[in-house]
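Me: Hi! Could you walk me through this structure, one question at a time?

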Amino acid sequence: VVQTETGERRFSIEIAETDQQRSAGLMFRTDMPDDRGMLFVFPRTTRHSFWMMNTPMPLDLVFIDEKGIIVAIRWGQPFSAASIQPLTPSRFVLELKAGTAQKAGIREGDRVRHPRIDEIAGDE
């Protein structure tokens, strides 16, 4: 759930928390429903970097800190080798279909709630 200024936005997500799952991510997928995504769970907060080399689908990359707050939103172009890395450290990254964040009114500063995030943030 993303808590936005205008209400909650819900997504069904896959979890990528092992090195193998994070490496594969959404590579080779050509489509995804607007209400789906993938949450990358990292072992520590740092400046995480992504690329889209083997990803044919454009994506929104939502970078989230250890408290569940969105610190940056970036856009991934299909098949790009360019590094996607905001200046702000993050602990999680939520990948959504391109344009979903804007359509849903998701912005930096919004809160993301998920059991894996809440567990690390110390929330119930």
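Reply: Happy to! A pocket here is an open set of grid points where a 1.4 Å probe fits, with protein on both sides within 12 Å along at least five of seven lines. Please keep in mind that this is a predicted model.

Me: How much space lies in the largest pocket?

Reply: Rolling a probe the size of a water molecule over the atoms shows where empty space is left. For the largest pocket, that space comes to about 270 Å³.

Me: Which element gives the most to the lining of the largest pocket?

Reply: The lining has 16 residues, with Arg 22, Ser 23, Phe 40, Phe 50 and Trp 51 nearest the pocket's centre. Two elements each give two or more residues to it: strand 4 (36-46) and helix 1 (19-24). The one that gives the most, with 4 residues, is helix 1.

Me: What is the handedness of the crossover from strand 3 to strand 4?

Reply: Strand 3 (residues 12-16) runs parallel to strand 4, and 5 bridges join them. Ser 12 stands opposite Arg 36 in strand 4. Between these two strands the chain passes through helix 1, and this β-α-β crossover is right-handed.

Me: Which residue in strand 7 is the bridge partner of Leu 39?

Reply: Strand 4 also pairs with strand 7 (residues 90-97), in the antiparallel sense and over 6 bridges. Within strand 7, the partner of Leu 39 is Leu 94.

Me: And which are the edge strands of the open sheet with the order 2-1-8?

Reply: That sheet has 3 strands with antiparallel pairing. Strand 1 (residues 2-4) pairs with strand 8 over 2 bridges. An edge strand pairs on one side only, and here these are strand 2 (7-9) and strand 8 (111-112).

Definitions and conventions: Residues numbered from 1 in each chain as written. Predicted model: local features only at pLDDT ≥ 70, side-chain atom pairs only at ≥ 80, totals over all residues. Heavy atoms only, no water. 1 Å grid on protein atoms, 1.4 Å probe; cavity = no way out; pocket = protein on both sides within 12 Å on 5 of 7 lines; lining within 4 Å. Points joined across faces, edges and corners; volume = space filled by probe spheres on them. Pairing = 2+ DSSP bridges. Right-handed = clockwise from strand over helix to strand, strands pointing away.
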